[in-house]
Amino acid sequence: MTLHLPDAHGNLRAHEPRTEPLAFSGGSAFTSRTVFSAAHVVADPYADTTPDGPAAVDWDATLAFRRHLWSHGLGVAEAMDTAQRGMGLDWAGAAELIRRSAAEARATGGRIACGVGTDQLTATAAGTATATTTAEVRTAYEEQLAVVEESGAQAILMASRALAATAKGPEDYLEVYGHLLRQAAEPVILHWLGPMFDPALEGYWGSSDLDAATDTFLEVIAAHPDKVDGIKVSLLDAQREIDLRRRLPQGVRCYTGDDFNYPELIAGDDHGFSHALLGIFDPLGPLAAEAVRVLDTGNTDGFRALLDPTVELSRHLFRAPTRYYKTGVVFLAWLSGHQSHFTMVGGLQSARSLPHLARAYELADGLGLFPDPKLAEERMRNLLSLYGVDQ
């Protein structure tokens, strides 16, 4: 039955929902690329809380979604910004998430890497750092690194709002990261998250000049190449990522975090390629896994044929203000039947407009992402009705 979807100008357009989904089965681990999906958390819809209160998580649904990703061969990047770190999920909630997910990974044989940050130093409601010295930042990082290592997961050293606020220049980044890398028991992934994802990270690595920041970033890696498994770059600039990965020491991987240009970056060129650690692979999981398996056979054209059509949806979800992409990710998880409600920790379900969500539904439906298109249609119809859009 036709749905009438609103656009940003107050007009309605007709959409004929798909009747059959694309069907992708699970499979073994990939051979040509290492691929992580950053995963969202499922809120407890019955919790009596407020946007600035502690996160209330539905642990059963949250862990079930991770098993879904693992069943398709994807690794899980846990407690990252996709899980609303610093936007609804505080450190206490993140620590519990890390412990539970790491235990689930051990039980199911899934690959997991977890975010290490300093958000215990950040006032969640205002997003302002409370640390006053880099020593305090370093101590906060150490506390979180210990939790991740004790869980048995690989560590991802995330960019720190507190360090961005307290560092006086590149030398402070070199000191803090050098100390952490010397301490790390196993090679870590370094995460460079751009200010489009988090405005508080403007000037990270000691400069707003990206060329200068890149030099500092590479200096950190060059000093400890044996402790860096790879880097995760989220700057939404394909050429800058390509230039950066060509300058990495031998054996250090580049994990693309570019949700605008991921097909071309993963496919690579004559000089190399990127692995993946992507928030968009949360809603794209089965399709993305199928594409990588095609790439494993050496069929780059087939890989691009599957993944290129998803870019329009990804660019829509991650459009400015990019940090609110999590709302679209959780919305699609609800439509896909991975959770029973469209509620988010911190009340972030209100962060995107109805026209934005309607377009996300339309694009995802066109790609065949919904395992049960009829369920997705019914839920979309209910949401439209809630907003007063007559059908």
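This is a friendly dialogue on how to read cavities, a hairpin and aromatic contacts in a predicted model.

Biologist: Let's begin with empty space. How many cavities of 30 Å³ or more does the count give?

Modeller: The general idea comes first. Rolling a probe the size of a water molecule over the atoms shows where empty space is left. In this predicted model, the count comes to two cavities of 30 Å³ or more.

Biologist: What volume does the largest cavity have, and which residues lie nearest its centre?

Modeller: Its volume is about 290 Å³. The lining of the largest cavity is made up of 22 residues, and those nearest the centre are Arg85, Gly86, Ala159, Arg161 and Asp198. Sorted by class, that lining holds eight nonpolar, seven polar and seven charged residues.

Biologist: And what lines the second largest cavity?

Modeller: The second largest cavity has a volume of about 50 Å³. Among its lining residues are Asp81, Phe197, Lys232, Asp259 and Tyr325. By class, the lining of the second largest cavity divides into four nonpolar, four polar and three charged residues.

Biologist: Now to the start of the chain. How do strand 1 and strand 2 run, and how many bridges join them?

Modeller: Strand 1 (residues 3–6) and strand 2 (residues 12–15) run antiparallel, with four bridges between them. As a place to start looking, take Leu3: its bridge partner in strand 2 is His15. The two strands form a hairpin with five residues between them. In the turn you will find Gly10, with a positive phi of about 85 degrees.

Biologist: I often see ring pairs described with two numbers. What are they?

Modeller: A pair of aromatic rings is described by the distance of the centres and the angle of the planes. Searching the whole structure gives 17 aromatic pairs. In one of them, the ring centres of Trp192 and Phe217 are 5.2 Å apart and the planes stand at 65 degrees, so this pair is edge-to-face.

Biologist: Where in the fold do Trp192 and Phe217 lie?

Modeller: Trp192 belongs to strand 9 (residues 188–193) and Phe217 to helix 6 (residues 210–223), so their pair ties together parts that are 25 residues apart in sequence. Both Trp192 and Phe217 are buried.

Biologist: Which pair could I compare with that one, and is it stacked or edge-to-face?

Modeller: Try Tyr361 and Phe370. Their ring centres lie 5.7 Å apart with the planes at 15 degrees, so the pair is stacked. The cut-off used here is under 30 degrees for stacked pairs.

Biologist: Are Tyr361 and Phe370 buried or exposed?

Modeller: Tyr361 is buried, at 0% relative accessibility. Phe370 is also buried, with a relative accessible area of 2%. Phe370 sits in the loop between helix 13 (354–367) and helix 14.

Biologist: Which residues form an aromatic cluster?

Modeller: One cluster is formed by Tyr141, Tyr173, Tyr177, Trp192, Tyr204, Trp205 and Phe217. You have already met Trp192 and Phe217 as an edge-to-face pair.

Biologist: Which charged residue sits over the ring of Phe273?

Modeller: That is Arg33, whose charged end lies 3.5 Å from the centre of the Phe273 ring.

Biologist: One last stop: where is Ala376, and is Ala376 buried or exposed?

Modeller: Ala376 is in helix 14 (residues 373–386). With 0% relative accessibility, Ala376 counts as buried. From C-alpha to C-alpha, Ala376 and Leu97 are 28 Å apart in space, and 279 residues separate them in sequence.

Note on methods: Residues numbered from 1 in each chain as written. Predicted model: local features only at pLDDT ≥ 70, side-chain atom pairs only at ≥ 80, totals over all residues. Heavy atoms only, no water. 1 Å grid on protein atoms, 1.4 Å probe; cavity = no way out; pocket = protein on both sides within 12 Å on 5 of 7 lines; lining within 4 Å. Points joined across faces, edges and corners; volume = space filled by probe spheres on them. Nonpolar A, V, L, I, M, F, W, Y, C, P; charged D, E, K, R; others polar. Pairing = 2+ DSSP bridges. Phe/Tyr/Trp six-rings, centres within 6.5 Å; stacked < 30°, edge-to-face > 60°. Buried < 20%, exposed > 50% of the residue type's maximum accessible area, 1.4 Å probe, protein only. Lys NZ or Arg CZ within 6 Å of the ring centre and 35° of its normal.
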